[in-house]
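These are my notebook entries on a single chain. I looked up its overall build, its annotated sites and a few points of backbone geometry.

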Amino acid sequence: MTANDPSPNHLQLTRDGQLRHFLTLDGLSQALLTDILDTADSFIEVGERRIKKVPLLRGRTVVNLFFESSTRTRSTFELAAKRLSADVLNLDISTSATSKGESLSDTLLNLEAMASDMFVVRHSQSGAPHFIAESVTPGVAIINAGDGRHAHPTQAMLDMLTIRQHKGRFAGLKVAIVGDVLHSRVARSQIRALNVLGAEEVRVIAPGTLLPRDVEDLGCTVEYDMARGMKDLDVVIMLRLQKERMEGALLPSEREFYRQYGLNQDKLALANPGCIVMHPGPINRGVEIESAVADGPQSVILSQVTNGIAIRMAVMSMAMGGQMAERQQKQQKQQEEQA
């Protein structure tokens, strides 16, 4: 890899293939995604200890930079960092210096000057974490906590961990993602992860107004009818209607959307008997899913939340390990050149 490599991996990976940032799943191998899942598996038991900490990031400083509101993602990143023994700073963007006219670049450079080691970035603009990693603070590990409609790689990976826990494999699985795919960064990352990990089929089920143009190019099949789409499924992932991102009337009404695409017990019965139900949250009960399903025996939604901490611990520890290895290699090279 070279500095002029146009692929995202010249940023994400060290020369020997370790993570140094986690920006997108694009270009990452099955082996690396499996390594992330295996590492997360090893962290699950930390949450069951009396003292829920390991020393992997002791002495490191993690800054949560959330330019969009979030409860679940921000909380799990904060818990993950603290369980790795890092010092954590949650920057309130609404009261930070950026609200007083300071540029984002200057804010980040000042945080880097305070010896920050990692930024967890959530932003409404697609590509913002990539820009920060490449142009602003290349010496700090950047973790993408969701950017625009582009990607949400840690959410996709915690979903993959949940699927593997309950199904034991990806080969042969038929998975459907249902709902507002058009506005969902999660769906894009899920489709990518499922294909890389070897799922047999990835479907999207939605009205045409809630699908991106050329959605099949993402690596999925399209079904507009919920009853047909639910047949033979092993996993169904429901998505929230992101009304805050919608421009114009994309739906007749929430009631009509629920009638056609909301997951209830009758529709779930069309899938395979062992089909698991997932949702990245927050859930809108009675809009995309009924409570009897969300709280039912086939739901693994709370497992997703628990797995979010383990996945984020895995990604943070692996990215920091890659950053440290790269710094050591640079220092060694400098010493050799001076000698």
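Leaving aside neighbours within four places in sequence, with which residues is Leu173 in contact? I worked on a predicted model, and there I found Leu173 in contact with Ile163, Lys167, Ala199, Glu200, Glu201 and Asp234. I placed Leu173 in the loop between α6 and β5 (174–178). Its relative accessible area is 0%, so I entered Leu173 as buried. I also looked up a C-alpha separation: Leu173 and Ala199 are 26 residues apart along the chain, and their C-alpha atoms are separated by 5.2 Å.

**Entry: the chain as a whole**

I counted 12 helices and nine strands in the chain. The radius of gyration is 20 Å, close to the 20 Å that the globule rule gives for 339 residues, so I recorded the chain as being as compact as a globular protein of that length. Taken along the principal axes, the C-alpha atoms fill a box of roughly 70 × 45 × 45 Å. I noted that 53% of the 339 residues are buried. Of the contacts with a separation of 6 or more, 74% are between residues 24 or more positions apart.

**Entry: the annotated binding sites and the pocket**

I consulted the UniProt record, an unreviewed entry, in which one "binding site" annotation covers Arg72, Thr73, Arg122, His152, Gln155, Gly281 and Pro282. Checking this set against the second largest pocket, I found Arg72, Thr73, Arg122, His152, Gln155, Gly281 and Pro282 in the lining. The same label in the unreviewed UniProt entry also covers Lys100, Arg185 and Arg240. Of these, I found Arg185 and Arg240 in the lining of the second largest pocket.

I then looked up the second largest pocket itself, which has a volume of about 500 Å³. Helices α3 (72–83) and α7 (185–197) are the elements that give two or more residues to its lining. I noted 20 lining residues, and those that lie nearest the centre are Arg122, Arg185, Arg240, Gly281 and Pro282. By type, I recorded four nonpolar, nine polar and seven charged residues in this lining.

**Entry: Arg122, His152 and Arg185**

I took up Arg122 next, which has its place in strand β3 (residues 118–123). Its relative accessibility is 10%, and buried means under 20%, so I entered Arg122 as buried. Beyond its neighbours within four places in sequence, Arg122 is in contact with Leu65, Phe66, Phe67, Glu68, Ser69, Ser70, Thr73, Ala145, Gly146, His152 and Arg185.

I found His152 in the loop between β4 (141–147) and α6 (153–167). His152 counts as buried because its relative accessibility is 3%. Not counting residues up to four places away in sequence, His152 touches Thr73, Arg122, Ala145, Gly146, Arg185, Val186, Ser189 and Arg312. Arg185 is found in helix α7, and I recorded Arg185 as buried at 7% relative accessibility.

**Entry: Asn307**

Is Asn307 buried or exposed? I recorded 3% relative accessibility, so Asn307 counts as buried. Asn307 lies in helix α12 (residues 301–338). Setting aside residues up to four places away in sequence, I found that Asn307 touches Ile44, Leu158, Leu161, Thr162 and Gln165.

**Entry: backbone geometry**

I looked up unusual backbone angles with one expectation in mind: most residues other than glycine have a negative phi, and most peptide bonds are trans. The peptide bond from Gly281 to Pro282 is cis, with omega near -5°. I placed Pro282 in the loop between β9 (276–278) and α11 (291–294). The UniProt "binding site" annotation, from the unreviewed entry, includes both Gly281 and Pro282.

I noted two aspartates with positive phi. For Asp214 phi is near 55°, and Asp214 has its place in the loop between β6 (201–205) and β7 (221–223). For Asp232 phi is positive at about 65°, and I found Asp232 in the loop between α8 (226–229) and β8 (235–238). Its relative accessibility is 42%, so I entered Asp232 as partly exposed.

Methods. Residues are numbered from 1 along each chain as its sequence is written. This is a predicted model: local features need pLDDT of at least 70, side-chain atom pairs count only at pLDDT 80 or more; totals for chains, interfaces and linings use all residues. Side-chain values use heavy atoms; hydrogens and water are left out. UniProt positions are given in the numbering used here, feature names are shortened, and annotations may be inferred rather than shown by experiment. On a 1 Å grid over the protein atoms alone, a cavity is a set of points where a 1.4 Å probe fits but cannot get out, and a pocket is an open set with protein on both sides within 12 Å along at least five of seven lines; lining residues have an atom within 4 Å of a point. Helices (H or I, at least four residues) and strands (E, at least two) are DSSP runs, numbered from the N terminus. Buried means under 20% relative accessible area, exposed over 50%, partly exposed in between (1.4 Å probe, protein chains only). Contact means heavy atoms within 4.5 Å. Grid points are joined across faces, edges and corners, and a volume is the space filled by probe spheres set on the points. Ala, Val, Leu, Ile, Met, Phe, Trp, Tyr, Cys and Pro count as nonpolar, Asp, Glu, Lys and Arg as charged, and the others, Gly among them, as polar. The radius of gyration is taken over C-alpha atoms; the globule rule is 2.2 Å times the number of residues to the power 0.38.
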